[in-house]
Every structure is written in C-alpha cells, then in structure tokens.
Amino acid sequence: LEGQALTQLQQCADETALRAWNTQYFGDKGVMKAAMSKLSGIPKEQKPAFGAEMNRIKAAITTAYEAALADTKEKALQVSLTTNPLDVTLPGRAPARGRLHPATQILRQIYSIFADLGFQVYRTREVETDELNFEFLNMPAHHPARDMWDTFFTTTPGVVLRTHTSPGQIHVMREAAGKPVRVILPGMCYRNEAISTRSEIQFYQVEGLVVGEGVTMADLKGTITAFARRMFGPERQVRIRSSYFPFTEPSIEVDIDWPKDDPNRDRLTKGTGWLEILGAGMVHPNVLRAGGYDPEKVTGFAFGMGPQRMLMLKHAIDDIRLFWQNDLRFLKQF
Ligand code: PHE
C-alpha cells in the first residue's frame, strides 16, 4: 500500500494532480478508509499491530504529500517569476506635476496684495461697446486721445475688443449705485499693434478703482507705495510724474527706484535708476457722472498696470511674446 501510494504521488505533475491523489487516498471513499475497514476481519490479537502499521503508513504518506505539495507550489512560483518578471523593488514613476502659468501667478500675487489693502476683485467683459471703452471714459467720438489705443473693431458697428480694463470702472460704479467702491479689475485687453518683444495684441491689465467721500491723491500715492513695496521690495521709493489720460484729472505716471543690487538695473532703467510701473490719476468728473456718482459729493482715484510687464521686470525677461508661446522651457522656470 505504502509503496503504491508513494509511486503514484511521484507521478503527480501539478497541484491539481496532487489534490486528486489526496482525495483518492484520504477521501470518504478513499483507499485508506477502505484499508481500515479490513480491521474488523482481522483476528483480535493482530489488531493492535495492524492499527499501528496503518497509522505509520498514514503519517508517512501524509508527510510525503505535504512535501510534494509545497515543492510544486514553489516550482509554480519560480516559473511565474521568470516568465512574468516583476521587480517590486523598482522605485515608482513620479507623475508629472503641473503648475500655474506665470501670468496667473503674478495676477494672484497682485490679488493677494490688494486683498490685504481691502480691495475686492471685479471682472467685466472683454467685448465692449464703443461707449464703455471710450465715450463714458470722457472720449467722445473723434476725440484725438482715442488714438492712444490701437483698437480691434468687430463687424458689429459700435462693438470693440476692450483696449484697456478702464471700461470696468463704469460697470462697477453702475452696479455699486452710489455706494463707496474699492476694487481691482483684472482681465485680458486687446490692441491692434505690431507684435514685438515689447508689445502683444493681447495682454493682461489690472485696473484699480476707489470712489468715496474725501478720497484724495494722497490715498492714491499711499496705495501705490504700499503695493510697490510688497511687490518689489520694502525699500522701494515711488516717483510721481505728471501725465495725461482722458478719464483722470490730474493724471500721473508712477515710477519706482529700481533695486541697486540688480545687475540689470542700468539696462532696465536706461541708466536713470527709475522704472515706470503704472498709469493713474483722480477719476475725471465726467467719468464719475457716467458711473452715476455726483462729482460734487465724491471723488475717486484709478490706476492701471500691466502684470506681465511686472513679471518681466522682476525676472529680467526681455520678450513679452514668451507668455503665449507655450514653450515649456520658459513656463517651467516659474
Ligand atoms: N487705461 C490706461 C491705459 O490702458 C491706464 C490707466 C488706468 C490710467 C486708470 C489711469 C487710470 O493705458
């Protein structure tokens, strides 16, 4: 019995065969049960010896079966490892991480500085009427100052792509309906200009508008100084020059002293040490009126800046076209 069991066991090629062997010998109708049933026909005095021998055989073939089973499983594992190799010690592949566009980054920086100064963000449309883009901003038809902006006209008469964020001033004032205003108006603007290292046909602007009783030029200067110091460094000085915009009176342009330790200082400031960062002024009475405010009761200031230009100044970027070219070598540096 033992020899036959062991021989058959050796002939089992895989786990399925081994398990069948196990059922054949140890199952309910198995060989071992059948062998044990012979016990009743055996003379009494031989029974203990028969029982002991049966137990020995049972133990021996069980041990052999378990060893064969373990051996078969191990072999199957080796086969699967060599035909289907998987190196669990390989480091994983890091997923590529995205990032914000540099223009978005500088915009968000500007939002957070003005948020600290109590300004809300207000967005208005990029397609405007001639009225909003010019007329309500104190530039009636044929006003020569319209030439300050090379305008994209649409096929619909009287509809233009906004050349600046200033029409947003009118939208905000009309919505605020006489209440005090303190907002920034970020957004895309469009100008029909020859594309060069210095000008693009589309670019961001951030407009600022504050309207209320007793708002003065000193408030404008203080706001811009606070902004410039947060954006360009706590030591920055601002310089105010007289300028002209139809929608502000008086109008100014604001320069900052460029940090002395910047190796690009001379080139950026053309040797003067000062760089223009924005245009601004006190809101013209006609513009306040167009927004529904009484210039006898309230005053206001407004400013307009180019966030992309600010980023270019901060990082000595010399070509504005890099912003919309989607060249990852440029974008990944921010
Ligand atoms: N809108 C002006 C421009 O595009 C900038 C500006 C805004 C100037 C607000 C004064 C006040 O050049």
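**Exercise 1. Two phenylalanines and their rings**

Decide whether Phe323 and Phe330 are buried or exposed, then find how their rings are arranged.

Step 1. Phe323 and Phe330 are both buried. Buried means under 20% relative accessible area, exposed over 50% and partly exposed in between, with a 1.4 Å probe and protein chains only. The model is predicted: local features need pLDDT of at least 70, side-chain atom pairs count only at pLDDT 80 or more, and totals for chains, interfaces and linings use all residues. Residues are numbered from 1 along each chain as its sequence is written, and side-chain values use heavy atoms, with hydrogens and water left out.

Step 2. Apply the pair rule. Rings of Phe, Tyr and Trp (its six-membered ring) pair if their centres lie within 6.5 Å; planes under 30 degrees apart are stacked, over 60 edge-to-face and the rest tilted. This rule gives 14 aromatic pairs.

Step 3. Phe323 and Phe330 have ring centres 6.0 Å apart and planes at 75°, so the pair is edge-to-face.

**Exercise 2. More rings**

Which residues form one aromatic cluster with Phe114, and which residue lies over the face of Phe136?

Step 1. The cluster joins Phe114 to Phe119, Phe227, Phe301 and Phe303.

Step 2. Look for charges over rings (NZ of Lys or CZ of Arg within 6 Å of the ring centre and within 35 degrees of the ring normal). Arg174 lies over the face of Phe136, 4.5 Å from the ring centre. Lys314 lies over the face of Phe232, at 5.8 Å from the ring centre.

**Exercise 3. Helix against helix**

How are the axes of helix 5 and helix 11 arranged, and which residues meet?

Step 1. Locate the elements. Helices (H or I, at least four residues) and strands (E, at least two) are DSSP runs, numbered from the N terminus. Helix 5 covers residues 102-116 and helix 11 covers residues 307-315.

Step 2. Take the angle. Axes are lines fitted to C-alpha atoms, for helices over the stretch in contact, and angles run from 0 to 180 degrees between N-to-C directions. Helix 5 and helix 11 pack at about 100°, with axes 9 Å apart. That makes helix 5 roughly perpendicular to helix 11. (Under 35 degrees is roughly parallel, over 145 roughly antiparallel, 65 to 115 roughly perpendicular and the rest oblique.)

Step 3. List the contacts (heavy atoms within 4.5 Å). Pro102, Ile106, Leu107, Gln109 and Ile110 of helix 5 meet Pro307, Leu311 and Lys314 of helix 11.

Step 4. Check burial. The buried residues in helix 11 include Pro307, Met310 and Leu311. Among the elements that cover them are helix 5, strand 5 (202-212) and helix 8 (217-232). Ala316 follows helix 11, with a positive phi near 50°.

**Exercise 4. A second helix pair**

At what angle do helix 1 and helix 4 pack?

Step 1. Helix 1 (residues 2-10) and helix 4 (residues 47-83) pack at about 5°, with their axes 10 Å apart. The two helices are therefore roughly parallel.

Step 2. Helix 1 contributes Glu2, Ala5, Leu6 and Leu9 to the contact, and helix 4 contributes residues including Arg56, Ile57 and Tyr65.

**Exercise 5. One helix residue**

Where is Ala35, and what does Ala35 touch?

Step 1. Ala35 sits in helix 3 (residues 31-37). Its relative accessible area is 10%, so Ala35 is buried.

Step 2. Leaving out residues up to four places away in sequence, Ala35 touches Leu1, Phe50 and Met54.
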